Amino acid sequence: MRIPFVVGNWKMNLDRQGCESLAKHIAVKLPQLQGVRAGVCPPFPYLMTVHAQIKNSPVVLGSQNVYCETKGAFTGEVSPAMALDCGCTWTLVGHSERRLVIGEDNKLINKKVKAALAAGLNVILCIGETLEQRQQNQTEKVVESQLVGSLEGITPDPEKLVLAYEPVWAIGTGVVATPDQAEEVHQFIRGWLTRQYSAAVAEKLCIQYGGSVNAGNAKQLISQPNVDGLLVGGASLKADEFVTIIIACQN
């Protein structure tokens, strides 16, 4: 059985004190977890601050991004080893804001996935279509293209890799994909994994949904057969709401 995995992406929000307070509150509210996994991805400068608050809790620490090189003249970048050194066990790769705002393509994202896994970081690989692409009935084509490009040369290990389907039109807009819409794409992804790799990989690999997730819709989303977790944005900045979402996802 796939254990639901709920991760909060704090993006470029909060200061040191805010991150410390939020992490402490979450850790206190979640001294132990059963039937669900949880993690948080704070801004880079506050990784160690957050780690200090959650290290004795079941909540894991993730980086919002990593670079594809181990070291060198890459001003402003952070290597997978640096993220590990700050206490991270997970990293996001290929978030839509990295793809669309920063301009990362599948080739670079593929390098990042490989580098992170090689360094010992687990990866949450984000994929998803824009509103225009959905309106043109290109959702499956876009998602498949992102999967093929981002996972080139990689055989997914369900213990180390998670996929996060995030329709771009639902991120931060307040518009959430209906449970049926989310399930339809998750089912397509599961089928692609079966065809590309094996039924065993497809059955074990966790596929999260992300996009305007909140305490009000979490239960409906996670109840779908192929939705195995949630990648939470704004709602993860509110400790009580984030904890409510996590508890709603317990098996």
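Buried means under 20% relative accessible area, exposed means over 50%, and partly exposed is what falls in between, with a 1.4 Å probe and protein chains only. This is a predicted model, where local features need pLDDT of at least 70, side-chain atom pairs count only at pLDDT 80 or more, and totals for chains, interfaces and linings use all residues. Residues are numbered from 1 along each chain as its sequence is written, and side-chain values use heavy atoms, with hydrogens and water left out.

**Exercise 1. Work out which burial class Tyr-197 and its aromatic partner Trp-192 belong to.**

Step 1: Take Tyr-197, whose relative accessibility is 22%, so it counts as partly exposed.
Step 2: Now Trp-192, which at 2% relative accessibility counts as buried.
Step 3: Look at how the rings meet. Rings of Phe, Tyr and Trp (its six-membered ring) pair if their centres lie within 6.5 Å; planes under 30 degrees apart are stacked, over 60 edge-to-face, and the rest tilted. Trp-192 and Tyr-197 sit 5.8 Å apart, centre to centre, with 80 degrees between the planes, making the pair edge-to-face.

**Exercise 2. Find out how Phe-5 and Trp-90 pair, and which strands they come from.**

Step 1: The whole structure holds 4 aromatic pairs. One of them is Phe-5 with Trp-90: the centres are 4.9 Å apart and the planes make 50 degrees, hence "tilted".
Step 2: Place the two residues. Phe-5 is in strand β1 (residues 5–9) and Trp-90 in strand β4 (residues 90–93), so to speak a link between distant parts of the chain, 85 residues apart. Strands here are DSSP runs of E, at least two residues; helices are runs of H or I, at least four; both are numbered from the N terminus.
Step 3: Check the burial: Phe-5 and Trp-90 are both buried.

**Exercise 3. Describe the overall build of the protein chain.**

Step 1: Count the elements: 11 helices and 8 strands.
Step 2: Compare the radius of gyration with the globule rule. The radius is taken over C-alpha atoms, and the rule is 2.2 Å times the number of residues to the power 0.38. The chain has 17 Å, close to the 18 Å that the rule gives for 251 residues, so it is as compact as a globular protein of that length.
Step 3: Add the box: along the principal axes, the C-alpha atoms fill roughly 45 × 45 × 35 Å.
Step 4: Go inside. Of the 251 residues, 51% count as buried. Contact means heavy atoms within 4.5 Å, and among contacts with a separation of 6 or more, 73% are between residues 24 or more positions apart.

**Exercise 4. Which residues have a positive phi without being glycine, and are they buried or exposed?**

Step 1: Recall the background: most residues other than glycine have a negative phi.
Step 2: Asn-137 goes against that, with a phi of about 60 degrees. You'll find Asn-137 in the loop between α6 (131–135) and α7 (139–150), and it is exposed at 73% relative accessible area.
Step 3: Ser-212 also has a positive phi, near 60 degrees. Ser-212 lies in the loop between β7 (207–210) and α10 (218–222), and with 19% relative accessible area it is buried.

**Exercise 5. Compile the surroundings of Tyr-209, His-95 and Lys-29.**

Step 1: Start with Tyr-209 in strand β7, buried at 0% relative accessible area. Leaving out residues up to four places away in sequence, Tyr-209 touches a list of residues including Tyr-165, His-186, Leu-221 and Leu-231. For scale, the C-alpha atoms of Tyr-209 and Gly-87 are separated by 25 Å, and the two are 122 residues apart along the chain.
Step 2: His-95 lies in the loop between β4 and α4 (96–102) and counts as buried at 4% relative accessibility. Apart from residues up to four places away, His-95 touches Asn-9, Lys-11, Cys-126, Glu-166 and Ile-171.
Step 3: Finish with Lys-29 in helix α1 (residues 16–29), partly exposed at 46%. With the same neighbours left out, Lys-29 touches Asp-240 and Val-243.
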